[in-house]
Amino acid sequence: HLKAEALTSPPLHDGVASEFPDIVFKPEFHGVQVFVHTMLAKEMVPEHQDISWVTQLTSDRLDVFSKMLERWEGPGSVTLYVRDVARDVRLLEPFRARVDFHLVLADLHPGRLYPVNTLRNVAMDKC
């Protein structure tokens, strides 16, 4: 019989640096191991019983996300599947006031599917 720890513990890894010294992707386990860097909202201080908008997306969907934020005034927990760290971090800046962004490094191996469930889990786990 396998121990529960063997089924839920990710392999150890130090992390992955980016071109930004303050952005380091650390290994986290959300059903599978992913490399995550969280950028907390700059202005939002959640209340004890706040309801947060939780979602996942890629930077090419930020236009739709922007329209959603026009209607939602509360905090957000958003996982962004990052393919280009420099570009994506720059594109997130207008949304940083009240949204926590959890950047997940994209797995660009051929044949890999978009990990919608894993990305959703990251946003929910960090909400």
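This is a short tour of a predicted model, stop by stop.

**The whole chain**

Start with everything shown as a cartoon. The protein chain has four helices and six strands. Follow the chain along its sequence and the pattern reads α-β-β-β-β-α-β-α-β-α. Now switch on the surface. The protein chain exposes about 8,300 Å², and carbon and sulfur atoms supply 55% of that area. Of its 127 residues, 35% count as buried. Contacts also reach along the sequence: among those with a separation of 6 or more, 58% join residues 24 or more positions apart.

**Strands E4 and E5**

Select residues 53-57, which form strand E4. Add residues 76-82, strand E5. In which sense do E4 and E5 pair, parallel or antiparallel? They pair in the parallel sense, over five bridges. For one of these bridges, pick Thr-55: its partner in E5 is Val-78. Next, trace the route between the two strands. The chain leaves E4, passes through helix H2 (residues 62-71) and arrives at E5. This β-α-β crossover is right-handed.

**Gln-56**

Stay in E4 and select Gln-56. Is Gln-56 buried or exposed? Its relative accessibility is 19%, and the cut-off for buried is under 20%, so Gln-56 counts as buried. Show its side chain together with that of Tyr-114. The two side chains make a polar contact at 2.5 Å. Then display what else Gln-56 touches. Leaving out residues up to four places away in sequence, the list is Thr-79, Tyr-114, Val-116, Leu-119 and Arg-120.

**His-102**

Jump to strand E6, residues 99-105, and select His-102. Draw a line from its C-alpha atom to that of Gln-56. The two residues are 46 apart along the chain, and their C-alpha atoms are separated by 9.1 Å. His-102 has a relative accessible area of 1%, so it is buried. Which residues is His-102 in contact with, leaving aside neighbours within four places in sequence? Select Val-36, His-37 and Thr-38, which are among them. Add Ser-77, Val-78, Thr-79 and Leu-80, also in contact with His-102. Finish with Val-122, Ala-123 and Lys-126. Thr-79 links back to the previous stop, where it touches Gln-56. Val-78 appeared earlier too, as the bridge partner of Thr-55.

**Salt bridges**

Side chains of opposite charge can pair when their charged atoms come close. The structure holds five salt bridges.

Keep Lys-126 on screen and add Glu-28. They form a salt bridge, with the closest N and O atoms 3.2 Å apart. Glu-28 lies in strand E2 (residues 24-29), while Lys-126 sits in the segment after helix H4 (116-125), so the pair ties together parts that are 98 residues apart in sequence. Lys-126 is partly exposed, at 28% relative accessibility.

Now select Glu-93 and Arg-96. Their side chains meet in a salt bridge, 3.9 Å from N to O. Glu-93 is partly exposed at 36% relative accessible area, whereas Arg-96 is buried at 11%. Bring in Lys-42 as well: Lys-42, Glu-93 and Arg-96 are linked in a network of salt bridges.

For the last stop, select Asp-107 and Arg-112. Here the closest N and O atoms of the salt bridge are 2.3 Å apart. Asp-107 counts as partly exposed, at 28% relative accessibility. Arg-112 reaches 51%, and the cut-off for exposed is over 50%, so Arg-112 counts as exposed.

Note on methods:
Residues numbered from 1 in each chain as written. Predicted model: local features only at pLDDT ≥ 70, side-chain atom pairs only at ≥ 80, totals over all residues. Heavy atoms only, no water. Buried < 20%, exposed > 50% of the residue type's maximum accessible area, 1.4 Å probe, protein only. Polar contact = N/O pair within 3.5 Å; in protein donor to acceptor, adjacent residues only side chain to side chain. Contact = heavy atoms within 4.5 Å. Pairing = 2+ DSSP bridges. Right-handed = clockwise from strand over helix to strand, strands pointing away. Areas by Shrake-Rupley, 256 points an atom, 1.4 Å probe, with all protein chains shown as cover. Salt bridge = Lys/Arg side-chain N within 4 Å of Asp/Glu carboxyl O.
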